[in-house]
Amino acid sequence: MEPLEIVERLKEKYFSEIVDVTQFREQVFVSVKSDRITDICRYLHDEPDIHMDFLADICGVDYPGRKYRFEVLYNLYSIKFRHRLIVKALLTEEDPNINSVVPIWNGANCHEREACDMYGIIFHGHPDLRRILMPEDWEGFPQRKDYPLKGREDWEYKGFEECKELHNHDKEWNIQAS
Amino acid sequence: MEKFSEGPGNREETSRLSSNGLTLNIGPQHPATHGVLRLVVDLDGETIVKCTPYVGYLHRGVEKLSEHRNYMQILPFTDRLDYVSAMSNNIGYCTAVEKMFGIELPERTEYIRTIIGEMSRIVNHLLWLATHALDIGAMTVFLYCFREREKLLDLFERLCGARLTMSYTRIGGLKNDVDEQWLKDLYEFTDEFPMRIEQYETLIDKNRIWLKRTKGIGVISAEEAINWGLSGPTLRGSGVPYDIRTDMSYGVYDKVKWQVCTGKNGDVYDRYRVRMEEFRQSNSIIRQCIDQIPEGPIMADAPKFTLPAKDKVLSDMEHLIHHFVLVTKGPQTAPEGELYVATEVPKGELGFFFVSDGTGKPYRMRIRSPSFVHVAALPRLCEGELIADLISNIGSIDIVLGECDR
């Protein structure tokens, strides 16, 4: 099925949810409100002639200054029918909460954790939402556009707890770092 | 004889021996984790109850860095993602950028890219087979595989001067053309290689230890494998004929005869068989490409995006300015838009997603790396199995942590 046909089907069912449809080089993007994202994903996954069984990717994008600052992109593909559709869920800066799609695709687990780690988007219903790439005591969300490339100058990474203990030990014994 | 099979070495027998739970930490520095992968494993006797992977030890922030580099400067980062098959990553990245910019490649470039892509697949699978076999206990295969790998790396070195981090492709083409002698030497290699594959197979294919350690281990059904987002040979081992090369979206895979290899049972053994068959297919693709390769230019005719030839840069003012702008600021007329382009690298589906805002730098670059997804699926593969089989499972999903942590 052509991606635009899928969008038409989606419009029939969830007309009030769809905000925008864009197309670039034959790839179709559907922007939707974030409230009913699990219903939309469940529909795309379960409908026999759409059958989006392969979740290629979930990623966040940050647009500071827009009304909806964050976008969560669900890159859906059907291995059987070989069609792709990218669903964008729009989130505001004040309320970066969205429901998890892990109950639909197990593969969403690591991608959602990464989006949480890098953008601070909270996925409700995720079985194990922790930082994945950054250390667990990291502060801030590195891939947000307002996070500087070289880190903040006024802020020093405190390190892991065990490193801290080692640091104190060095102080007590008056060891100088070479 | 029957008495022996009921002894404590028996799988069912071992699983019945229970003890109080034991939590075991494997890695991040461990020879069998293929990089800095850390696993915390909860054990009941020898059976894995829960497995939690910890990744991120090799996180270098490539996605963040890319937002501050122009398109040309990102290319060397892609070498460092999956450093075992850097050439495939180069092709994947350049294909994605070209699709976004709308650049049509010359035919010769498509052929050369297909050849080096498949060479890279062979190099990757050779290293995979060598280390996977070494993990399970077959030392000899390791040495044999590295012999052939060395020959291919030498060919890479002659082509672009590097053996591991090649950065050979360019946006809209290649760094330099291949010569006749190089193609001839590669052809000689492909003459010999099928016999080498048979050698590896005689070493392990009917080896009882190998079969015991791979058959029926880490079984995952087709539906579940798709649901977990597995791709590449790991998915094809479960019998799903999903291969992005068949989409004809890049390369000349429509002009050569080859087939997608699939397994049946979805266990470690079938994933091994799929990769062994891919050796033969890649070898055959390379041979056909060398037979068919046409003459012609290697850079696309898109002066807004591609680097001008070096001799012109050194002799012509316009080309020099052009080169300077492209290298320092990036292409100034990049179209605005978003695009996801996936290519089939040896490990699975490598996708690049770009958000372009019309400047020389990507607004957002997302790398969908197969290893990241495969590591996440590792608990599903190994929970309920023995701790010794964990190593077979890690080997069979073919991960590289540079790509996983990005």
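1. A quick definition to start: helices here are DSSP runs of H or I at least four residues long, numbered from the N terminus. With that in hand, B:M139 can be placed in helix 7 of chain B. Please keep in mind throughout that this is a predicted model.

2. You may enjoy looking at the surface around that methionine. B:M139 joins B:L134, B:L143, B:Y144 and B:L203 in a nonpolar surface patch of about 420 Å². Helix 7 of chain B, residues 139-160, gives the patch its largest share, three residues.

3. Now to the interface between the two chains. On the chain A side 46 residues are in contact, and they meet 48 residues of chain B. The area buried between chain A and chain B is about 3700 Å², with 54% of it on carbon and sulfur atoms.

4. What about the polar side of this pairing? Between chain A and chain B there are six salt bridges. For a concrete pair to inspect, try A:K145 and B:E67: they form a salt bridge whose closest N and O atoms are 3.2 Å apart. Polar contacts link 24 residue pairs across the two chains, counting pairs with both residues at pLDDT 80 or more.

5. Which elements of chain A supply at least two residues each to the side that touches chain B? They are strand 2 (27-33), strand 3 (54-62), strand 4 (70-77), strand 5 (84-91) and helix 3 (108-119). Strand 3 of chain A provides the largest share, nine residues. By residue class, the side of chain A that touches chain B has 26 nonpolar, eight polar and 12 charged residues.

Terms used: Residues numbered from 1 in each chain as written. Chains lettered and ligands numbered in written order. Predicted model: local features only at pLDDT ≥ 70, side-chain atom pairs only at ≥ 80, totals over all residues. Heavy atoms only, no water. Contact = heavy atoms within 4.5 Å. Buried area = accessible area lost by both parts, 1.4 Å probe. Salt bridge = Lys/Arg side-chain N within 4 Å of Asp/Glu carboxyl O. Polar contact = N/O pair within 3.5 Å; in protein donor to acceptor, adjacent residues only side chain to side chain. Nonpolar A, V, L, I, M, F, W, Y, C, P; charged D, E, K, R; others polar. Patch = residues over 30% accessible without salt bridge, like charges linked within 9 Å, V, L, I, M, F, W, Y side chains within 5 Å. Areas by Shrake-Rupley, 256 points an atom, 1.4 Å probe, with all protein chains shown as cover.
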